[in-house]
Amino acid sequence: MGMKCIGIDVGGTTVKVGLFETDGTLLDKWEVKSRKEEDGKYILPDVAASIREKLAGLGLDLKKDIVGAGLGVPGPVMPDGSVEVCVNLGWHHVNPQKELSGLLDGIPVKSGNDANVAALGEMWQGGGKGYSDIIMITLGTGVGGGVILDQKILSGRHGLGGEIGHIHVRDDEWEHCNCGGVGCLEQIASATGIAREARRKMAADSRDSMLRKFGDDVTAKDVLDAAKAGDELADEVFEVVARYLGLALGQAALIVDPEIFVIGGGVSRAGQFLVDRVFKYYDYFTPISKFKAKIGLATLGNDAGIYGAARLIL
């Protein structure tokens, strides 16, 4: 039996854990509930206990069989692995990588921001496989981003590298993003943002639309499904989303120039329909050259985080 490694993706509701061969084969995966009480102090001990239990069941030894563990966390991570704040976990000024290593008999642990780590996973075994330079955009509740250059995460001096969701793209926005900014990409291209665009559009426009039956409960999926079905109002909302997303990708391309953009998150289920529309604008905003990154889709879904976390330690 060869050496194995562990990938851990810490989320606000659950922690996903995966056991991998060092070549990227997923052997087993499981989840642990994120207990957030008392500033999230139970999360890592719970994870460590579940890892011990799983390895014991498989007859594996922490020290002898495990190369190390990687950890993806929802917040900016400093170069020493410390985290100033993870709002969704209640963590403040902690060093999860040091703490988890201590809980796991001192095996090496490396940590990174969850979106960056998901990007690394997609580069390793997903939509970016075969490429060394990728930018991943995750369109979920928010908009996450991760930049991988030469197979390494570019997190920047302050952990802000790849925060593409908070690039300012719209000047005529009046509501604030939860980052404190106004007109962020996240306010338009996230699942939450697409739904908000649709509500605004319905309120400002009297045309008939398939979306009206959903009223204020309209979701991003409703918008994309209706746009696919040829609904005019939904298509106009989708056009706005694609335009601002294409703008942000164009800006990122002109700074980093990756080989491929990989789009993931719930909204990416719209598939090629989304990619083609975004590409139209991305191409429009980068007339300088026809030689530039292509746009593809993520393939690992919710497992991108555990794959990338495992890759961190290798």
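**Exercise 1. Decide whether E197 is buried or exposed, and find its contacts.**

Step 1. Locate the residue. E197 sits in helix α7, residues 191-204. Helices (H or I, at least four residues) and strands (E, at least two) are DSSP runs, numbered from the N terminus.

Step 2. Check the area. E197 has a relative accessible area of 8%, so E197 is buried. Buried means under 20% relative accessible area, exposed over 50%, and partly exposed in between, with a 1.4 Å probe and protein chains only.

Step 3. List the partners. Leaving aside neighbours within four places in sequence, E197 is in contact with R170, Q187, I188, V237 and V240. Contact means heavy atoms within 4.5 Å.

The model is predicted: local features need pLDDT of at least 70, side-chain atom pairs count only at pLDDT 80 or more, and totals for chains, interfaces and linings use all residues. Residues are numbered from 1 along each chain as its sequence is written, and side-chain values use heavy atoms, with hydrogens and water left out.

**Exercise 2. Describe how α7 and α9 cross.**

Step 1. Take the geometry. The axes of α7 and α9 come within 10 Å and cross at roughly 130 degrees. Axes are lines fitted to C-alpha atoms, for helices over the stretch in contact, and angles run from 0 to 180 degrees between N-to-C directions.

Step 2. Classify the angle. α7 and α9 are therefore oblique to each other. Angles under 35 degrees count as roughly parallel, over 145 as roughly antiparallel, 65 to 115 as roughly perpendicular and the rest as oblique.

Step 3. Assign the hand. α7 passes α9 in a right-handed crossing. A crossing is right-handed if the near helix is turned clockwise from the far one by less than a right angle, and left-handed if anticlockwise.

Step 4. Name the contact residues. From α7 come I194, E197, A198, K201 and M202; from α9 come L233, E236, V237, V240 and V241.

Step 5. Sort them by class. The contact of α7 with α9 has seven nonpolar, no polar and three charged residues. Ala, Val, Leu, Ile, Met, Phe, Trp, Tyr, Cys and Pro count as nonpolar, Asp, Glu, Lys and Arg as charged, and the others, Gly among them, as polar.

**Exercise 3. Describe how α8 packs on α9, then place F238.**

Step 1. Take the geometry. Helix α8 (residues 220-228) and helix α9 (residues 232-256) pack at about 115 degrees, with axes 8 Å apart. α8 and α9 are therefore roughly perpendicular to each other.

Step 2. Assign the hand. The crossing of α8 past α9 is left-handed.

Step 3. List the contact. V223, L224, A226 and A227 of α8 meet A234, D235, V237 and F238 of α9. By class, the residues of this contact are seven nonpolar, no polar and one charged.

Step 4. Turn to F238, in α9. F238 counts as buried, at 2% relative accessibility. Not counting residues up to four places away in sequence, F238 touches L224, A227, F273, L274 and R277. The C-alpha atoms of F238 and L224 are separated by 7.0 Å, 14 residues apart along the chain.

**Exercise 4. Give the strand order of the open sheet and find the helix α5 packed on it.**

Step 1. Order the strands. Five strands form the open sheet, in the order β10-β9-β8-β11-β12, with mixed pairing. Two strands pair if DSSP finds at least two bridges between them.

Step 2. Mark the edges. β10 (152-153) and β12 (294-297) are the edge strands, and each pairs on one side only.

Step 3. Add the helix. Helix α5 (residues 114-125) packs on the sheet, touching β8 (134-139), β9, β10 and β11 (260-264). The direction of α5 makes about 55 degrees with that of β9.
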